[in-house]
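Me: Please give me a close look at a single part here, namely the nonpolar side of things. I would like one connected walk through it.

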Amino acid sequence: MGKTPLPPRRDDTYAVVMELRAALAGHGITLPSLGRDFGTPALVILGNCNTATARALAAALEQHPAHPAHQSSPA
């Protein structure tokens, strides 16, 4: 029987935000509105970005193929 995951703590959310910020920075990408929400459950706020940042994010994601279970089928 598997363990039920615990809901993320607020400091966990902060850690994830920092990890994501560092990973994006490694690709030269900054999401100015990246942050955390203090609601329950705590959420990561990705926020808004300009088209150049969105294209850079898409290009970074395209460098690593999606896992087959997460690939969308063509419309």
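Reply: Happy to. Among contacts (heavy atoms within 4.5 Å) between residues at least 6 apart in sequence, 42% join residues at least 24 apart. This is a predicted model, where local features need pLDDT of at least 70 and side-chain atom pairs pLDDT 80 or more, while totals for chains, interfaces and linings use all residues. Numbering runs from 1 along each chain as its sequence is written, and side-chain values use heavy atoms, without hydrogens or water.

The chain has two helices and two strands (DSSP runs numbered from the N terminus: helices H or I, at least four residues; strands E, at least two). In sequence order they give the pattern α-β-β-α. Of the 75 residues, 13% are buried (under 20% relative accessible area; exposed is over 50%, partly exposed in between; 1.4 Å probe, protein chains only). The accessible surface (Shrake-Rupley, 1.4 Å probe; for residues, only the protein chains shown count as cover) comes to about 6,200 Å², and carbon and sulfur atoms account for 61% of that surface.

Now for your part: Val16, Val44 and Leu46 make a nonpolar surface patch of about 220 Å². Patch members have over 30% relative accessible area and no salt bridge, with like charges joined within 9 Å and nonpolar side chains (Val, Leu, Ile, Met, Phe, Trp, Tyr) within 5 Å; a salt bridge is a Lys or Arg side-chain nitrogen within 4 Å of an Asp or Glu carboxyl oxygen.

Let's stay with Leu46, which sits in the loop between strand E2 (43-45) and helix H2 (51-62). Leu46 counts as partly exposed because its relative accessibility is 46%. Setting aside neighbours within four places in sequence, Leu46 touches Leu20, Leu31, Ser33 and Leu34. The C-alpha atoms of Leu46 and Pro32 are 8.6 Å apart, with their positions 14 residues apart along the chain.

From Leu46 we can step to Leu34. Beyond neighbours within four places in sequence, Leu34 is in contact with Val17, Leu20, Arg21, Leu24, Val44, Ile45 and Leu46, so this list, by the same contact rule, takes in Val44 and Leu46. Leu34 also belongs to the largest nonpolar core, together with Val17, Leu24, Ile29, Leu31 and Ala60. Such a core is a set of buried Ala, Val, Leu, Ile, Met, Phe, Trp, Tyr and Cys residues joined through side-chain atoms within 4.5 Å. In soluble globular proteins, nonpolar side chains tend to be buried together.

Two of those core residues, Ile29 and Leu31, meet Thr53. Thr53 lies in helix H2 and counts as buried because its relative accessible area is 15%. Its contacts outside four places in sequence are Ile29, Thr30 and Leu31.

Two more places round off the tour. Tyr14, in helix H1 (residues 10-25), is partly exposed at 42% relative accessible area. Tyr14 and Arg36 are 22 residues apart in sequence, yet their C-alpha atoms are 6.5 Å apart. Pro41 is in the loop between strand E1 (35-37) and E2, and the peptide bond from Thr40 to Pro41 is cis, with omega near 0°. Most peptide bonds are trans.
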